[in-house]
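Hi,

Here is the structure I promised to pass on. Have a look at it first, and then read my notes below.

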Amino acid sequence: QLLAYARILSETGEEERACLLLEKGLLLFETETQLNAELRQMLAHSYLKRGRHFSAAELLFPLALSEPKYALYTAELYRQAGQVERALWVNRLVADQESKVKQRLTLLIEEERYEESAALLDRAQRLGLVKDESIAYALAYSFYRVYNFSNAHALLSHLSSDQMYEKGVQLRRAIDQCLEHGCAQIMGGRVRERPGKAAHGGSCGGYDYDIGHGVSSTCAYAPR
């Protein structure tokens, strides 16, 4: 009944009262595992409506520790809250290896930790993720940023779609300019990137690392 009433309050625009009711429910039913989990999920959703990503992540964190299906979404909420280190830690709990590597790649590149993102190549290859052109491009960009141009070129050879091929052309041009004029000059602020939009439900594939301009957006990893 508490959940149903809180849902009615939320749907009628009384989000503050819904939150207060759910917060009270968490205290009253702390030891009832299933109900407590449902209360946490509903309250996290209410927090998100109010832009409280960190609070939502903190609510779901205990669930992620006990049930891996919550880890991907919780890590993404931490990322949106600017808590990337916490996001990377929770990412380790993700059971689905493909989703885990994709999300980790996003987090590391967003933090410009290119040596670590490039180091994901072997895992990505074992999982067959390099067939995803956005993943291949993200890895190629990582290798470009650590001056490993041979690996970058090898990964760019996977790009064939019109959109990704054009991005590959731009990255090859940046590599050529780097070799001709010096990497410090080329990378000194003219090349920047941010992860692009991802598919929800635990699949983050729409990376967008533009040469010359960045694109920011949001990944949604809602647990099933």
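Let's start with the whole chain. Of its 224 residues, 46% count as buried. Keep in mind as you read that this is a predicted model. The accessible surface of the chain comes to about 11,400 Å², and carbon and sulfur atoms make up 49% of that area.

What does the secondary structure come to? You'll find 13 helices and 0 strands. If you walk along from the N terminus, the elements read α-α-α-α-α-α-α-α-α-α-α-α-α. As for how the chain meets itself, take the contacts with a separation of 6 or more: 48% of them come from residues 24 or more positions apart.

Now for a pair of helices to zoom in on. Helix α7 covers residues 97–110 and helix α10 covers residues 133–145; their axes come within 11 Å and cross at roughly 35 degrees. The crossing of α7 past α10 is left-handed. Which residues meet there? On the α7 side they are K102, L105 and I109, and on the α10 side I135, A138, L139 and S142. Sorted by class, this contact has 5 nonpolar residues, 1 polar and 1 charged.

Stay with α10 for a moment, since Y141 is found in that helix too. Is Y141 buried or exposed? Its relative accessible area is 0%, so Y141 is buried. Try locating A152 as well: 11 residues separate it from Y141 along the chain, and the C-alpha atoms of the two are 6.7 Å apart.

A152 also takes us to helix α11, which runs over residues 149–156 and has F149, A152, L155 and L156 as its buried residues. Why do they sit on the same side of α11? They cover an arc of only 125 degrees around the axis, and that puts them on one and the same side of the helix.

One last residue to click on is N91, in helix α6 (residues 84–91). Why does N91 count as buried? Its relative accessibility is 0%, and the cut-off for buried is under 20%. If you skip the neighbours within four places in sequence, the residues in contact with N91 are A75, K100, Q103, R104 and L107. Of these, K100, Q103, R104 and L107 fall within the residues 97–110 that make up α7, so you can go back to the helix you began with.

Have fun exploring!

How values were computed: Residues numbered from 1 in each chain as written. Predicted model: local features only at pLDDT ≥ 70, side-chain atom pairs only at ≥ 80, totals over all residues. Heavy atoms only, no water. Axes fitted to C-alpha atoms, helices over the stretch in contact; angles between N-to-C directions. Helix = DSSP H or I, 4+ residues; strand = E, 2+ residues; numbered from the N terminus. Left-handed = near helix turned anticlockwise from the far one by under 90°. Contact = heavy atoms within 4.5 Å. Nonpolar A, V, L, I, M, F, W, Y, C, P; charged D, E, K, R; others polar. Buried < 20%, exposed > 50% of the residue type's maximum accessible area, 1.4 Å probe, protein only. Arc of directions from axis to C-beta. Areas by Shrake-Rupley, 256 points an atom, 1.4 Å probe, with all protein chains shown as cover.
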